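User: I would like to learn how to read the ligand site and the helices of a model. Where do we start?

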Amino acid sequence: MATSTARILVFGATGNVGGALVRRLAAGGADVRVRAMVRTPRSADLPDGVEVVRGDLTDLDSVRAALRDVDRVFLVWPLGGGELTRAVVDLITARVRRIVYLSAIGVRDDGAPAPDPILQFHTDIEQAVRASDVEWTLLRSGGMATNTLGWAQQVRERSTVSWIYGDGGRALVHEADLAEVAEIALLTDRLVGAAPEITGPSVLTQKEQARAIGSAIGRTVTWEELPTEEVREVLISTGWSAATADGVLQAWASTIDRPEAPTPDFAAVTGATGRTFEQWAADHAEDFR
Ligand SMILES: NC(=O)c1ccc[n+]([C@@H]2O[C@H](COP(=O)([O-])OP(=O)(O)OC[C@H]3O[C@@H](n4cnc5c(N)ncnc54)[C@H](OP(=O)(O)O)[C@@H]3O)[C@@H](O)[C@H]2O)c1
């Protein structure tokens with residue numbers, strides 16, 4: 001794919017999308033050198049051939065060191081908003097030729113204020129990237145199938161998902177699809193200046209997602225609808241601000257009347273149909289057993 005050796009730094013390589021990306025790059029046979037900046041190298045467990053360096057996005061010196069001799073970056077931002085976002089983006093864009101940023105559907109091209117703090121920090125980062133001189137791709141993800149890993153313990157212990165908005169529908173996307181598009185964005189020029197919106201290929205309600213997980217593990221998984229207030233308290237107890245929790249709850253509630261629609265972008269970029277939620281559940285069956 002690449003015309004000369006691409007030297008890629010992957011952030012978030014121990015996470016869902018960054019992990020799928022480094023596995024793809026390591027297995028792909030393309031002429032690439034892959035470095036992963038991780039907080040805990042000892043437990044990172046990355047494929048052979050991936051150079052692992054220790055670093056933390058909150059430590060600018062470590063980010064600067066990780067960027068040495070790199071020409072492309074895949075950036076995941078796991079830290080919410082704050083002044084650090086701009087400093088890190090500026091550091092990266094001053095040093096590399098290309099950045100692929102894992103963003104979110106709902107961010108607007110014109111940088112208009114977002115309806116919740118999560119979309120707002122993605123908006124801020126997108127705008128900082130656009131204002132730079134580098135080649136960029138803003139990889140906007142729809143709801144990720146990995147969100148349902150939050151149900152894994154309940155499924156393992158009780159074969160039940162206790163959560164809210166069971167009739168809410170989303171076209172959840174497989175992390176492997178996001179990694180596939182990210183690889184194309186890093187190694188070819190096809191997505192320079194583009195903001196592809198990547199979802200899964202079909203809408204399932206959350207109750208249907210629970211059933212699909214049940215099919216994947218060979219058990220009946222039932223749905224228990226919880227009061228919204230109870231889940232709001234759970235979200236806040238895990239460190240979310242009230243504003244983030246309320247914004248996200250509102251977005252989730254809206255999927256009952258207006259399910260998240262599948263986009264055509266994955267097929268347009270890859271020529272293939274995206275991986276289904278049923279396939280995702282089969283790929284992750286061990287997490288739920
Ligand atoms: N979930 C969704 O539905 C959805 C939809 C659209 C966009 N997104 C966006 O996708 C991103 C998350 O992607 P993901 O699911 O692939 O990530 P993830 O699985 O949650 O993993 C987060 C990664 O970030 C690393 N990390 C955490 N704190 C760090 C720090 N201080 N310095 C350096 N690395 C750090 C973690 O490494 P450790 O191993 O050290 O913890 C891990 O590799 C977020 O920006 C989110 O807003 C999510």
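Analyst: Start with what counts as the shell: a residue is near a molecule if one of its heavy atoms lies within 4 Å of it. This is a predicted model. Here β5 gives the most to the shell around the ligand, with 3 residues.

User: Which residues come nearest to the ligand?

Analyst: Thr14, Arg39, Trp77, His122 and Asn147 come nearest, out of the 23 residues around the ligand. By class, the shell has 11 nonpolar, 10 polar and 2 charged residues.

User: Which ligand atoms do Arg39, Leu57 and Trp77 approach?

Analyst: A polar contact is a pair of N or O atoms within 3.5 Å. The side chain of Arg39 places an N or O atom 2.8 Å from an oxygen atom of the ligand. Leu57 uses a backbone N or O atom, 2.8 Å from a nitrogen atom of the ligand. Trp77 also uses a backbone N or O atom, 2.7 Å from an oxygen atom of the ligand.

User: How much of the ligand does the protein bury?

Analyst: The ligand taken alone exposes 940 Å², and the protein buries 77% of that. Two or more residues of the surrounding shell come from each of α1 (16-27), β5 (98-104) and α5.

User: What span should α1 have, and why?

Analyst: The 12 residues of α1 should span 16 Å because each residue counts for 1.5 Å; the end C-alpha atoms are 17 Å apart, which agrees. Just after α1, Gly29 takes a positive phi of about 80°.

User: Which residues of α1 are buried, and what do they pack against?

Analyst: Buried means under 20% relative accessible area. In α1 that applies to Val17, Gly18, Gly19, Ala20, Leu21, Val22 and Leu25. They pack against the strands β1 (6-11), β2 (32-38), β4 (72-75) and β5, and against helix α7 (175-187).

User: Is Glu126 buried or exposed?

Analyst: Glu126, in helix α5, counts as buried because its relative accessibility is 0%. Leaving out residues up to four places away in sequence, Glu126 touches Tyr101, Ser103, Val107, Leu138 and Arg140.

User: How does α10 read by the same steps?

Analyst: Helix α10 (residues 242-257) has 16 residues and reaches 24 Å between its first and last C-alpha, close to the 22 Å expected. Its buried residues are Thr244, Ala245, Gly247, Val248, Leu249 and Thr255. Their cover includes α5 (117-130), β8 (169-170) and α9 (228-237).

Terms used
Residues numbered from 1 in each chain as written. Predicted model: local features only at pLDDT ≥ 70, side-chain atom pairs only at ≥ 80, totals over all residues. Heavy atoms only, no water. Helix = DSSP H or I, 4+ residues; strand = E, 2+ residues; numbered from the N terminus. Expected span 1.5 Å × (residues − 1). Buried < 20%, exposed > 50% of the residue type's maximum accessible area, 1.4 Å probe, protein only. Contact = heavy atoms within 4.5 Å. Polar contact = N/O pair within 3.5 Å; in protein donor to acceptor, adjacent residues only side chain to side chain. Areas by Shrake-Rupley, 256 points an atom, 1.4 Å probe, with all protein chains shown as cover. Nonpolar A, V, L, I, M, F, W, Y, C, P; charged D, E, K, R; others polar.
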